[in-house]
Amino acid sequence: MALVEFLAELDQLARAATAAFAAADNAGALESARVEFLGVRNGRLKTVQKGLGKVDKTDKPTAGKRFNQVKRQIEAAYQAAAESLAETAAPIADTTGFDPTIPGNRPRLGHLHPITQTIEEIVDIMGRLGFTVAEGPEVEDQWHNFEALNIPPEHPARDPLDNFYLATAEKAAGGKVWLLRSQTSTVQIRVMEKTAPPVRVISLGRVYRPDTPDATHVPMFHQIEGLLIDTHVTMADLKSVLRLFGMSYFEDDVHIRFRPSFFPFTEPSVEIDMSWHGGWVEMGGAGMVDPNVLCAVGYDPEKVTGLAFGLGIERMCAQRHGITDIREFFKNDVRFLQQF
Ligand code: PHE
């Protein structure tokens with residue numbers, strides 16, 4: 001082979017290789033260009049090298065020298081391309097430590113507590129029956145928690161062992177007695193004191209009793225109180241409202257059973273049992289508002305009558321979801337809470 005021919009082949013290879021390395025814009029492309037030109041077995045440089053053997057003997061030193069130059073040139077071009085690729089990739093990895101191939105951290109989304117969900121549902125159901133929501137304070141005086149509710153001073157419901165009396169608040173108020181409300185019936189009084197009949201309200205919230213915690217008791221729990229005052233309100237209305245309410249909440253044919261009972265602020269008074277999927281569960285108390293209570297807030301018991309009821313929210317929620325221990329509601333164990 002003539003020397004000029006060999007040298008021309010070398011020049012062409014050098015141009016092609018330099019262009020290919022410069023054009024490679026990612027590691028994969030650069031690697032296939034490297035294999036194409038510098039590959040140990042079938043690289044194009046290797047092929048051209050084979051032609052070196054066919055060059056005339058006298059031209060061999062010149063041809064060999066030129067071959068080595070071109071080989072270094074191509075290798076240098078590869079190095080340069082590899083370095084510039086590494087430079088563009090490196091800063092991302094080094095300065096932020098961000099690796100786009102690692103799966104993301106899924107944020108754990110929270111949701112409303114089952115008791116809050118139950119409260120919202122109850123508000124919705126009772127709203128459809130025309131009841132608006134009233135609120136009252138959790139720290140109460142004796143008038144609203146007892147006296148106005150027809151609970152006289154000597155009544156056992158006032159026993160310090162059955163109530164959370166607040167000694168510090170009493171001192172601060174110059175001897176006036178305060179306690180954490182033991183029932184939401186306090187809100188009946190607060191609403192009636194401010195509004196003339198007719199009244200149709202519910203009140204939902206926390207109540208406090210020094211009970212020893214067990215599967216069905218906790219010292220702080222939630223009640224829904226209902227109060228309807230109008231002309232000609234009867235026990236039949238009470239049962240209808242409770243049945244409609246029960247059927248809406250349990251989304252089923254719920255039956256209501258009244259058992260005779262006693263509350264100082266209702267006459268007659270009943271315990272409410274609800275039956276859903278067999279068996280009766282006690283849900284709370286109810287009755288016709290006692291005339292003494294109507295008088296205490298300035299209503300005329302000859303003109304208006306009323307119904308009132310109080311139900312345990314934990315019990316209703318537990319019943320619907322098959323929860324057997326209401327203490328679960330307050331442990332804040334995500335494994336429990338995330339089921340709702
Ligand atoms: N307040 C009563 C209780 O906590 C329930 C109740 C409310 C009873 C309204 C009658 C009327 O047990």
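1. A friendly start at one end of the sheet: strand 1 (residues 132-133) and strand 5 run parallel and are joined by two bridges. Val-133 is the residue that stands opposite Ile-202 in strand 5. Please keep in mind throughout that this is a predicted model.

2. How many strands form the open sheet, and in what order? There are seven, arranged 1-5-6-10-9-8-7, with mixed pairing. Strand 1 and strand 7 stand at the edges with a single partner strand each, so one side of each has no neighbour in the sheet. As a reminder for anyone tracing the ladder, strands of a sheet pair through backbone hydrogen bonds, either parallel or antiparallel.

3. Next along is the pairing of strand 5 with strand 6, where 10 bridges join two strands that run antiparallel. If you would like residues to click on, Tyr-208 has Met-220 in strand 6 as its bridge partner, and Gly-205 has Gln-223 in strand 6. Strand 5 is mostly covered, with eight of its 10 residues buried. Strand 6 is mostly covered too, with nine of its 11 residues buried.

4. On to strand 10. Eight bridges join strand 6 to strand 10, and these strands run antiparallel. Two positions are handy for checking the register: Ile-224 stands opposite Leu-311 in strand 10, and Gly-226 stands opposite Phe-309 in strand 10.

5. Now for the helix that packs against these strands. Helix 5 covers residues 114-128, and its 15 residues should span 21 Å at 1.5 Å a residue; the end C-alpha atoms are 21 Å apart, which agrees. Its buried residues are Pro-114, Ile-115, Thr-118, Ile-119, Ile-122, Ile-125 and Met-126. Viewed down the axis of helix 5, these buried residues fall within an arc of 140°, so they line one face of the helix. The spacing in that list is easier to read with the usual rule in mind: an α-helix has 3.6 residues a turn, so residues three or four places apart point the same way.

6. What do the buried residues of helix 5 pack against? Their partners include strand 5 (199-208), strand 6 (220-230) and strand 10 (305-312) from the sheet. Among the helices, they pack against helix 9 (235-250), helix 11 (313-321) and helix 12 (334-337). One backbone detail to look at is Gly-130, just after helix 5, which takes a positive phi of about 90°.

7. A word on internal space. The structure holds one cavity of 30 Å³ or more, and the largest cavity has a volume of about 30 Å³. Its lining is made up of Ala-134, Val-187, Gln-188, Val-201, Ile-202, Ser-203, Glu-225, Gly-226 and Leu-227. Helix 8 (185-194), strand 5 and strand 6 each supply at least two residues of this lining. Two of the lining residues have come up already: Ile-202, which has Val-133 opposite, and Gly-226, which has Phe-309 opposite.

8. The largest pocket has a volume of about 860 Å³. It is lined by 41 residues, and those nearest its centre are Ser-182, Arg-209, Phe-221, Gln-223 and Phe-263. Which elements each supply at least two residues of the pocket lining? They are helix 8, strand 6, strand 7 (255-263), strand 8 (266-275), strand 9 (280-289), strand 10 and helix 11. Strand 9 gives the largest share of the lining, six residues. Gln-223, one of the residues nearest the pocket centre, is also the bridge partner of Gly-205.

9. Ser-182 deserves a separate point. This residue is found in the loop between strand 4 (178-180) and helix 8. Is Ser-182 buried or exposed? At 8% relative accessibility, Ser-182 counts as buried, because buried means under 20%. Leaving aside residues up to four places away in sequence, Ser-182 touches Asn-145, Asn-163, Val-207, Tyr-208 and Arg-209. Of these contacts, Arg-209 is listed with Ser-182 among the residues nearest the centre of the largest pocket, while Tyr-208 has Met-220 as its bridge partner.

10. Last, a look at the N-terminal helix. Ala-19 lies in helix 1 (residues 3-23) and is partly exposed, with a relative accessible area of 47%. For a simple distance check, the C-alpha atoms of Ala-19 and Ala-77 are separated by 8.9 Å, although these residues are 58 residues apart along the chain.

Notes: Residues are numbered from 1 along each chain as its sequence is written. This is a predicted model: local features need pLDDT of at least 70, side-chain atom pairs count only at pLDDT 80 or more; totals for chains, interfaces and linings use all residues. Side-chain values use heavy atoms; hydrogens and water are left out. Helices (H or I, at least four residues) and strands (E, at least two) are DSSP runs, numbered from the N terminus. The expected span of a helix is 1.5 Å times one less than its number of residues. Buried means under 20% relative accessible area, exposed over 50%, partly exposed in between (1.4 Å probe, protein chains only). The arc is that of the directions from the helix axis to the C-beta atoms. Contact means heavy atoms within 4.5 Å. Two strands pair if DSSP finds at least two bridges between them. On a 1 Å grid over the protein atoms alone, a cavity is a set of points where a 1.4 Å probe fits but cannot get out, and a pocket is an open set with protein on both sides within 12 Å along at least five of seven lines; lining residues have an atom within 4 Å of a point. Grid points are joined across faces, edges and corners, and a volume is the space filled by probe spheres set on the points.
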